[in-house]
Amino acid sequence: MLAQYFTVKGYGEHEIIIEKSRFICYVSRATTEEEAQSFIQEIKKKHWNANHNCSAYLIGAHDQIQKANDDGEPSGTAGVPMLEVLKKRKLKDTVVVVTRYFGGIKLGAGGLIRAYGKSTSEGLNHTGIVERKLMRVMQTKVDYTLLGKIENELRQSRYTIKDIHYLEDVTFDAYVEEGGKEAFQEWIIELTNGRCIIAEGDMLYLEQDVSAASI
């Protein structure tokens with residue numbers, strides 16, 4: 001599992017017009033090639049009458065699976081520039097489809113490369129990018145008398161609350177960087193004067209929005 005990586009926030013779509021041609025970019029997260037192909041076929045079915053439904057995807061921790069399809073456009077003018085945008089953004093587990101309705105004006109090879117690249121880039125910006133960081137979930141059990149204090153302190157800290165379990169006692173699940181477990185434990189113990197039980201939970205990814213323009 002990667003310690004950190006970027007991917008798309010989820011599903012998104014965005015349309016632009018270039019020289020009277022409609023370019024509609026569809027974006028989704030896909031963790032397997034089957035998911036990516038299913039998404040592509042779904043868009044092709046939706047736009048069965050479009051001139052082209054070009055696609056690209058990058059899947060795997062080390063981009064083990066990467067495909068580009070021009071779907072009838074001149075070789076290398078659609079799928080490849082779309083894939084290059086994904087690589088430049090350092091995105092993983094991402095599939096994009098750009099549907100084109102021809103507007104009557106030919107763009108030429110260079111124009112097509114720019115158009116499909118721009119459509120993909122703007123589609124990603126519109127959908128949103130997230131950073132996924134592998135974190136340790138630390139579980140802190142306290143008495144209800146400490147509920148307000150601990151919740152307030154956690155929300156104002158650098159830690160992110162995952163869940164709060166209201167049972168016989170209250171348990172806070174918080175995301176903590178693996179190298180910061182001891183510091184977290186010391187902080188919690190000091191806050192509660194030792195009136196707590198701290199346990200290590202699973203390693204999970206924490207997703208945080210990032211500026212698309214920054215990557």
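Which strands does helix α1 (residues 33–46) lie across? Helix α1 lies across β2, β3 (21–29), β4, β5 and β6 (94–101), and runs at about 165° to β4. Helices (H or I, at least four residues) and strands (E, at least two) are DSSP runs numbered from the N terminus. Axes are lines fitted to C-alpha atoms, for helices over the stretch in contact, and angles run from 0 to 180 degrees between N-to-C directions. This is a predicted model, in which local features need pLDDT of at least 70 and side-chain atom pairs count only at pLDDT 80 or more, while totals for chains, interfaces and linings use all residues. Residues are numbered from 1 along each chain as its sequence is written, and side-chain values use heavy atoms, with hydrogens and water left out.

The strands under α1 belong to an open sheet of 5 strands in the order β2-β3-β6-β4-β5, with antiparallel pairing. Two strands pair if DSSP finds at least two bridges between them. The edge strands, β2 (12–18) and β5 (65–69), each pair on one side only. From one strand to the next the twist averages 15°. Strand β4 (residues 52–59) is joined to β5 by 5 bridges, and the two run antiparallel; Ala56 stands opposite Ala68 in β5. Helix α2 (residues 79–88) lies across β4, β5 and β6, running at about 35° to β4.

Two loops of this region contain a residue with positive phi. Glu19, in the loop between β2 and β3, has a phi of about 50° although it is not a glycine. Glu19 counts as partly exposed because its relative accessibility is 46% (buried means under 20% relative accessible area, exposed over 50%, partly exposed in between, with a 1.4 Å probe and protein chains only). Asp63, in the loop between β4 and β5, has a phi near 55° and is likewise a residue other than glycine.

Within strand β4 is Ser55, which counts as buried at 6% relative accessibility. Leaving aside neighbours within four places in sequence, Ser55 is in contact (heavy atoms within 4.5 Å) with residues including Ile40, Ala68, Met82 and Val96. Val96 in turn touches Tyr26, Cys54, Ala56, Leu86 and Leu124, among others, not counting residues up to four places away in sequence.

Val96 is also one of the residues with the most contacts inside the largest nonpolar core, which has 24 residues. Such a core is a set of buried Ala, Val, Leu, Ile, Met, Phe, Trp, Tyr and Cys residues joined through side-chain atoms within 4.5 Å. β1 (4–8), β2, β3, β4, α2, β6 and α3 (108–127) each supply at least two residues of this core. A second, separate core of 17 residues includes Leu147, Tyr159, Ile188 and Leu191.

Ile188 and Leu191 lead to helix α5, where Lys181, Phe184, Ile188, Leu191 and Thr192 are buried. Seen down the axis of α5, the buried residues fall within an arc of 95° (taken from the directions from the helix axis to the C-beta atoms), so they line one face of the helix. An α-helix has 3.6 residues a turn, so residues three or four places apart point the same way. On the other side of α5, Glu182, Glu186 and Glu190 are exposed. The buried residues of α5 pack against β7 (129–142), α4 (147–155), β9 (170–176) and β10 (197–210).

The 12 residues of α5 (residues 181–192) should span 16 Å at 1.5 Å a residue, and the end C-alpha atoms are 17 Å apart, which agrees; the expected span is 1.5 Å times one less than the number of residues. After α5 comes Asn193, with a positive phi near 55°.
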